[in-house]
Amino acid sequence: MGSMFRGEEVALVQLFLPTAAAYSCVSQLGELGLVEFRDLNASVSAFQRRFVVDVRRCEELEKTFTFLQEEVRRAGLVLPQPEGKLWAPPPRDLLRLQEETDRLAKELRDVRGNQQELQAQLHQLQLHEAVLGQSHGPLAADHTDGPSSERSPLLPPPGGPHQDLRVNFVAGAVEPHKAAALERLLWRACRSFLIASFQEMEQQLEDPVTGEPTRWMTFLISYWGEQIGQKIRKITACFHCHVFPYLEQEEARRGALQQLQQQSQELQEVLGETERFLSQVLGRVQQLLPAAQVQIRKMKAVYLALNQCSVSSTHKCLIAEAWCAAHDLPTVQQVLQDSSTEEGVSAVAHRIPCQDMPPTLIRTNRFTASFQDIVDAYGVGRYQEVNPAPYTIITFPFLFAVMFGDVGHGLLMFLFALAMVLAENQPAMKAAQNEIWQTFFGGRYLLLLMGLFSVYTGFIYNECFSRATTIFPSGWSVATMANQSGWSDAFLAQHPLLTLDPNVSGVFLGPYPFGIDPVWSLATNHLSFLNSFKMKMSVILGVTHMVFGVVLGIFNHMHFGQGHRLLLETLPELIFLLGLFGYLVFLVIYKWLCYSAASSASAPSILIHFINMFLFSSSSTNQPLYHGQKVVQYALVILALAAVPVLLLGKPLYLLRQQHSHRLQRRPAGGQDEEKAKLIDTPDAAESGWGPDEEKAGCSGDEKEVEFVPSEVFMHQAIHTIEFCLGCISNTASYLRLWALSLAHAQLSEVLWAMVMRVGLSAGLKLGVQAVMLVPVFAAFAVLTVAILLVMEGLSAFLHALRLHWVEFQNKFYSGTGYKLSPFTFAAQDE
């Protein structure tokens, strides 16, 4: 948990991995997930690296796994989750896995191919049965009349010159949407030489390709003439019709139909056996695939990591460089030693100096992860920079709750988040694929605190679904006000809301124990009172938040040994911020404490005093708050103005003087050689190693000298000074969004209550009718409350709280220009 306040120390480690034990060593490191490998072969293409053949074999296996997985899904089956801890298999097992997988894939392809062929044959037989069994009106009825109908032709021979032509038949099936076009084309191409009959099948047949049930259209065409027959065959082929032989005699057709039915029954039995064998093959796939997928993914990851190592031909080992937390170095060394002892050699890991900025490592848990994600979304912190996440755990939900203060709304949000927290270990909660649900579930602890803080601020505002609650007795006596003001019944009937005057004796009995007195919800000056209260509260919270951000910058300067920045940056910033806006907070609190309700009419305006403070003037109509106020204000403005040139020029002049002293120390003196002079001193890595505004990385070893450019340093400091001075003004005004969104939330809640619930409660109907009418009214109120006040207003308050942390708070001390430590781990493969 200590790393939450500042990133852990990260070291650059060099690993000497014996060739025989390199695979097992990297595999164990992947199980631990403690090191991030650096690519030592960046100039080498992926196809020229040592283990590219092994990576390709793994990729080929993954393609085969994809085919098997699709076949399992096609069959409507589900792959089980792998059981137990699966380790990366040794390289010698790769060939066994490949052979077994290829054998299963070949069997599955053969069985699927046979099944499709059998289904296609069965489909053809069923179509042929439907064609022979379908009755086509007069064409099929003419030859049944008379005793010699079996030998007589279906159509009488035509007379005239064509009486010697023989009548032929074409029978088949076509898709229903093609039948009309086929009939028109046949009629136009062979107008007077054919008779066609189309009829829809009674039952649906399963398509062998798509598996969907379809209803076919059967046809019977009688024609005479060989040329007409060729035309008909070409036309039916163009329409992809299924054409079958058609016998003229009905007895022959019956015999053929019985034979087709017998063949169909035999094919169905063969298909059943094929499907049973297919289910057996898929069962073996279900047993092999889950574990094999995880193992091959781990094996591929190991080989990809080994491809980042350089090869030492003299020492017969692989050399790797990796970032690792200094705290985890003993664990890494022990794991390497245990993994390499079986091969008779020992892997070595030792820390080496680095010149690059190390990655940032901040360990989180399920509670702190969502708050760290908020900070990292702005930018990952530099190495060992102060981490804002621990403070965001409190400040973010609190600033959100200031804008979202309502007991009812906060309680609903709290219960929703609590339900997710209590069910977080259920697999169904984690396996949900909906992105919105994943977002809510990932930030469940953030939502929990946001709802809890909203309940707290709702009690302070005394609002529960926009209604005030009387938890304690009110500190106002309305009866005394009515008795001493002489209000008549007619006056009270015309004025449901009254203005309470605390100056009347006996009206104000004392302050409300906690929060705002509920009597204010009945006063006409309710909104004016809340405006004044929330506006001043927002300024106080904003200035306090910004000062806290400047103070956190002190810990950065102290940690990196930059004492000059305490005097030349932090001190001027505090003088400027506290001298102007800290003084404004002092005026607000002083006026609250020193002026009572009796003297409120003569209380001076803080805004006029603040304006006169910058103009070095005074107003005769606005009395001073305390004796000597004008002198104090003038002194504070002069101090704030004097802090600006110190902030602008202090650090650049110091760095320029420091650079000049370095050059004097490097200059050879007397009989010293030039080489000895170069070893006297090195430039400050904090100022020259990573630029004028970067912090010291903390890596050991020699630092390279970076050219010092005074113009860049002065320009950078000028931008920082302008940004801070103008930002103090704009950032203080930006915190007024706490006031604006709080009032907007309260007014939206009030409008929703007045336009929905109050209408249902004040209908004045009978008790039974009123209860029935309240059901849809309350349903509409609940839906609108969740949709508008919880979702839309909650998202708006969340975004504004996010902006206050990113822009107004974190820019005082947090640069966010680092990068995360991405350790080599098998965690994703295990999931």
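Arg803 is partly exposed, with 33% relative accessible area; in these terms, a residue is buried under 20%, exposed over 50% and partly exposed in between, for a 1.4 Å probe and protein chains only. The model is predicted, so local features need pLDDT of at least 70 and side-chain atom pairs count only at pLDDT 80 or more, while totals for chains, interfaces and linings use all residues. Residues are numbered from 1 along each chain as its sequence is written, and side-chain values use heavy atoms, with hydrogens and water left out.

Arg803 forms a salt bridge with Glu808, their closest N and O atoms being 2.9 Å apart. A salt bridge here is a side-chain nitrogen of Lys or Arg within 4 Å of a carboxyl oxygen of Asp or Glu. Unlike its partner, Glu808 counts as buried, at 0% relative accessibility.

Glu808 also leads to Lys812, which lies in the loop between helix H25 (767-809) and helix H26 (827-830). Helices are DSSP runs of H or I with at least four residues, strands are runs of E with at least two, and both are numbered from the N terminus. Lys812 is buried but has no salt bridge. The nearest side chain of opposite charge is that of Glu808, 7.1 Å away; for this purpose Lys and Arg count as positive and Asp and Glu as negative, with His and the chain ends not counted. The side chain of Lys812 does, however, reach the backbone oxygen of Glu808 at 2.9 Å. Such a polar contact is a pair of N or O atoms within 3.5 Å; within protein, one must be able to donate a hydrogen and the other to accept it, and residues adjacent in sequence count only if both atoms are side-chain atoms. When neighbours within four places in sequence are left aside, Lys812 is in contact (heavy atoms within 4.5 Å) with Met546, Gly549, Val550, Phe724 and Asn731.

The structure holds 29 salt bridges. Side chains of opposite charge can pair when their charged atoms come close. One of these pairs joins Lys63 and Glu60, at 3.8 Å from N to O. The two residues stand three apart in helix H2 (residues 52-74) and are therefore separated by about one helical turn. Lys63 is exposed, at 55% relative accessible area, whereas Glu60 is partly exposed, at 44%. Glu750 and Arg758 form another salt bridge, at 3.5 Å from N to O; Glu750 is partly exposed at 25%, and Arg758 is partly exposed at 38%. Elsewhere, salt bridges link Glu8, Asp328 and Arg363 in a network.

Attention now turns to the strands. Strand S10 (residues 317-325) is largely enclosed by the rest of the structure, because nine of its nine residues are buried. In a regular strand the side chains alternate between the two faces of the sheet. Both faces of S10 are covered: one side carries Cys317, Ile319, Glu321, Trp323 and Ala325, the other Leu318, Ala320, Ala322 and Cys324, and all are buried.

S10 pairs with other strands, pairing being defined by at least two DSSP bridges between two strands. Strand S1 (residues 10-18) runs antiparallel to S10 and is joined to it by nine bridges, with Leu12 having Trp323 as its bridge partner. Four bridges connect S10 in the antiparallel sense to strand S2 (residues 35-38), where Arg38 stands opposite Glu321. Strand S9 (residues 310-312) is also antiparallel to S10, with three bridges between them; here Ser312 stands opposite Cys317.

Among the helices, H11 (residues 407-422) has 16 residues and reaches 22 Å from its first C-alpha to its last. This is close to the expected 22 Å at 1.5 Å a residue, where the expected span is 1.5 Å times one less than the number of residues. Its buried residues are Val407, Gly408, His409, Gly410, Met413, Phe414, Ala417, Met420 and Val421. Their cover includes helices H10 (389-403), H12 (427-431), H13 (435-442), H14 (444-461) and H24 (737-761), together with H25. At the N-terminal end of H11, Asp406 acts as a cap, with a side-chain oxygen 2.9 Å from the backbone nitrogen of Gly408.

A further loop, between helix H16 (489-494) and helix H17 (526-559), contains Asp517. This residue is buried, with a relative accessible area of 6%. Its C-alpha atom is separated by 6.2 Å from that of Ser474, although Asp517 and Ser474 are 43 residues apart along the chain. Not counting residues up to four places away in sequence, Asp517 touches Asn462, Ser474, Gly475, Trp476 and Tyr512. The side chain of Asp517 also reaches the backbone nitrogen of Val519 at 3.0 Å.
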